[in-house]
Amino acid sequence: MKIPFHKALIGEGEVNAAADVIRSGWLTMGEKTFEFEKNFSAYTGAPDSIAVNSCTAALHLALKAAGIGPGDEVIIPAMTFIATWEVIRYFDAVPVLCDIEKESFLISAAEIEKKITPRTKAIIPVHYGGEACDMDAITDLAARYKLVIIEDAAHALPTLYKGKMIGTIGDITCFSFYATKTLTTGEGGMITTADKGFADRIRRLRLHGITKDAWNRYSDKGSWEYDVSEPGYKYNITDIASAIGIEQLKRCDSMNLMRRKIADKYNNAFSKTGVLDLWGVRDRGECAWHLYPVRLKTGALKISRNGFIDEMKAAGIGTSVHYIPMYRFSAFKNTGYLPADFPGCEDMFAREVSLPIWPGMSDAESDYIIETVIKILERNKR
Ligand SMILES: Cc1ncc(COP(=O)(O)O)c(C=O)c1O
């Protein structure tokens, strides 16, 4: 059996919606995008949703709206995708790396507070795997130190925190619709905010800083004339992607349920192995389950994490590692960060493997994954 690490659940609804846009002759941002944004706001409860072409673009625009400039410090977890870091560097600002908690894989308010200096301007909490950070504590901290909260919710649709949808808590929240995410448009992203000032500026900046609905300038509803208030970016999404997003959003809950069922099945089987540490998700019903990370108890095994990945590959199963802590990249060579300062990230990185979890996985496929993991572990127990 061959099981990829990820496979998107795309049905006839998505295929037909994309085909209809292509047949319409209007392929870039237009009515479908505005419908997608409206539906996204209705789904999350966020007052404003602005669609863009990636979560990286969303994070960039969020930092721009927050007024980040050269020398400003922005606190992020060291255990995240590199996009969370690089957008800060776009401004010649300083990304300040923070360790994660060993069991939740999330940054805590206590760790963040240790990193706050007079130059700190913002925090980017990352909801790793689709589990919400402790937003009450982070919001309280941000209020005390007057910091902007930009949530990296690339993994967190749908994620609830104490009954509130992620997308309605921080000042600005950024979602990803990349190929492997819980809702995909191939490439894409969404920004949500309750701040009208942020929303208006981000909406302008995603399309060159143009002050009017320039997307509309070629239709009979629009006008050729427009102004540019400041330099912007070419970050708009297309109507083809938005049409796919509208269809995906309709099944966001059912796809989440499919992920949850796989997670429950895995938890049940893997808790009995004795050689895996499972993810300490606080409330399993509220997690987006973008990832299913396990950590090998390497002391009890003859096999390393990399050896385990190789054996899974030989059995036809794709896996991944989330993440390489960023201070280990060569881009960080002269930044002074030491692995020893990040015990949470180091423990995770040494032992973590992400197993396939995607909606549409058959029972036979999840059974095969479970059997294979257990066989590899049994064969390699000390
Ligand atoms: C935590 C996190 N942040 C940001 C991104 C960037 O998302 P995108 O590929 O949509 O730019 C990703 C993508 O993998 C991610 O996992």
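Biologist: Phe105 lies in the loop between strand S3 (94-98) and helix H5 (109-115). What makes these a strand and a helix?
Modeller: Both are DSSP runs, numbered from the N terminus: a helix is H or I over at least four residues, a strand is E over at least two. The runs 94-98 and 109-115 meet those minimums, so they carry the names S3 and H5. A word on the origin: this is a predicted model, where local features need pLDDT of at least 70, side-chain atom pairs count only at pLDDT 80 or more, and totals for chains, interfaces and linings use all residues. Residues are numbered from 1 along each chain as its sequence is written, and side-chain values use heavy atoms, with hydrogens and water left out.

Biologist: What makes the phi of Phe105 worth a remark?
Modeller: Phi of Phe105 is near 65°, a positive value in a residue other than glycine. Most residues other than glycine have a negative phi, and most peptide bonds are trans.

Biologist: Which peptide bonds are cis?
Modeller: One joins Leu157 and Pro158, with omega about -5°, and Pro158 is in the loop between strand S5 (148-152) and strand S6 (160-161). Another runs from His322 to Tyr323, with omega near 5°; Tyr323 is in the loop between helix H10 (305-314) and helix H11 (343-351).

Biologist: Why do 16 residues count as surrounding the ligand?
Modeller: A residue is near a molecule if one of its heavy atoms lies within 4 Å of it, so the 16 residues are those that pass this cut-off. The closest are Thr56, Asp152, His155, Ser176 and Lys181. Helix H3 (55-65) and helix H4 (83-89) each supply at least two residues of the shell.

Biologist: Why is the pair between Thr56 and the ligand called a polar contact?
Modeller: A polar contact is a pair of N or O atoms within 3.5 Å. A polar side-chain atom of Thr56 is 2.5 Å from an oxygen atom of the ligand, so the pair qualifies. Ser176 has a side-chain N or O atom 2.7 Å from a ligand oxygen, and for Lys181 the value is 2.7 Å too. The protein covers 92% of the 390 Å² of accessible area that the ligand has on its own (Shrake-Rupley, 1.4 Å probe).

Biologist: How do you know that the ligand sits in the largest pocket?
Modeller: More than half of its atoms must lie within 2 Å of the pocket's grid points; the ligand is assigned there, so that condition is met. A pocket is an open set on a 1 Å grid over the protein atoms alone, with protein on both sides within 12 Å along at least five of seven lines. Its volume is about 440 Å³, and 30 residues line it, with Phe81, Tyr178, Thr180, Lys181 and Tyr323 nearest its centre. H3 gives the largest share of that lining, three residues.

Biologist: What makes a space a cavity instead?
Modeller: In a cavity a 1.4 Å probe fits but cannot get out, and lining residues have an atom within 4 Å of a point. Three cavities of 30 Å³ or more turn up in the whole structure. The largest cavity holds about 50 Å³, and its lining includes His6, Lys181, Gln248 and Arg259.

How values were computed
Polar contact = N/O pair within 3.5 Å; in protein donor to acceptor, adjacent residues only side chain to side chain. Points joined across faces, edges and corners; volume = space filled by probe spheres on them.
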